[in-house]
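Open the model in your viewer and keep the sequence panel beside it. We'll go stop by stop, with something to select each time.

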Amino acid sequence: DHVIDYTKDDFVRGGPQSDVIVATAGYRSLADYKRALKAHGVYVATGGDMKQIFEAMLLGRVLSGDKKIGSLLLKVNQDLDFMSELLESGQVVPVIDKTFPLSQAVAALKYYAQGRTRGKIVVSVNDDSR
């Protein structure tokens, strides 16, 4: 229902708490994400730096309390089934900034390194331009 633009919004300070946070560019501490969740809320790390993903994987259960904190890589569960239903029904639509064929994977990484993406970068493995 609400998308946070991390370049403009500080969702931890003064914003409404969320039932679900799917962090595609994890850049805050797990404690910040936990504070931003309602009781029994769910935080899932799907991206960000490796430190952020491993913290969610390794410390998520320990830090969770009445909330669920984990990584998309951790395990498939009811929460991910719910997210899958939202995606399939069109209630949640991923934002794709740009798509590259596999033959341009280096260009995709260079584009990502610029730090100006406004969504996900997709590298298509169905590369017919070989």
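Start with the whole chain: of its 130 residues, 26% are buried. Keep in mind that this is a predicted model. The accessible surface comes to about 9200 Å², and carbon and sulfur atoms account for 56% of that.

Now switch to cartoon. You should find four helices and five strands, and walking from the N terminus they go β-α-β-α-β-α-β-α-β. As for how the chain folds back on itself, take the contacts between residues at least 6 apart in sequence: 36% of those join residues at least 24 apart.

Next, color by confidence. The average pLDDT for the chain is 77, and 70% of the residues score at least 70. Which element has the lowest mean pLDDT, and which the highest? Select residues 68–71 for the low end: that's strand β3, with a mean of 64. The high end is β4, at 93. Where pLDDT is low, don't read the predicted coordinates in detail.

**Stop one: the core**

Select Phe11, Val12, Ile21, Ala23, Leu30, Tyr33, Ala36, Leu37, Tyr43 and Ala45, and show their side chains. These ten residues form the largest nonpolar core. Three elements each give two or more residues to this core: β1 (18–23), α1 (30–35) and β2 (37–45). The largest share, three residues, is from β2. In soluble globular proteins, nonpolar side chains tend to be buried together.

Stay there and center on Phe11. Which residues does Phe11 touch, if you skip those up to four places away in sequence? Look for Ile4, Ile21, Tyr27, Arg28, Tyr33 and Ala36.

Then step along to Arg13, in the segment before β1. Is Arg13 buried or exposed? Arg13 is exposed, because its relative accessibility is 60% and the cut-off for exposed is over 50%. Draw a distance from the C-alpha of Arg13 to the C-alpha of Ala36: you'll get 8.4 Å, for two residues 23 apart along the chain.

**Stop two: an odd backbone angle**

Go to His40, which is in strand β2. His40 isn't a glycine, yet its phi is positive, about 65°. With a relative accessible area of 64%, His40 is exposed.

**Stop three: the C-terminal strands**

Select residues 96–101 and 120–124. These are β4 and β5, paired in the parallel sense over five bridges. Two pairs of residues are handy for lining up the strands: Phe100 has Val123 as its bridge partner in β5, and Pro101 stands opposite Ser124.

Now add residues 105–113, helix α4. Together, β4, α4 and β5 make a right-handed β-α-β unit. Turn the view so you can follow the path from β4 over α4 to β5.

Finish in the loop between α4 and β5, where you'll find Thr117. Is Thr117 buried or exposed? Thr117 counts as buried, because its relative accessible area is 17% and the cut-off is under 20%. What is Thr117 in contact with, leaving aside neighbours within four places in sequence? Show Asp97, Tyr111 and Tyr112, and you have the contacts of Thr117.

Key
Residues numbered from 1 in each chain as written. Predicted model: local features only at pLDDT ≥ 70, side-chain atom pairs only at ≥ 80, totals over all residues. Heavy atoms only, no water. Core = buried A, V, L, I, M, F, W, Y, C linked by side-chain atoms within 4.5 Å. Buried < 20%, exposed > 50% of the residue type's maximum accessible area, 1.4 Å probe, protein only. Contact = heavy atoms within 4.5 Å. Areas by Shrake-Rupley, 256 points an atom, 1.4 Å probe, with all protein chains shown as cover. Pairing = 2+ DSSP bridges. Right-handed = clockwise from strand over helix to strand, strands pointing away. pLDDT = per-residue confidence, 0-100.
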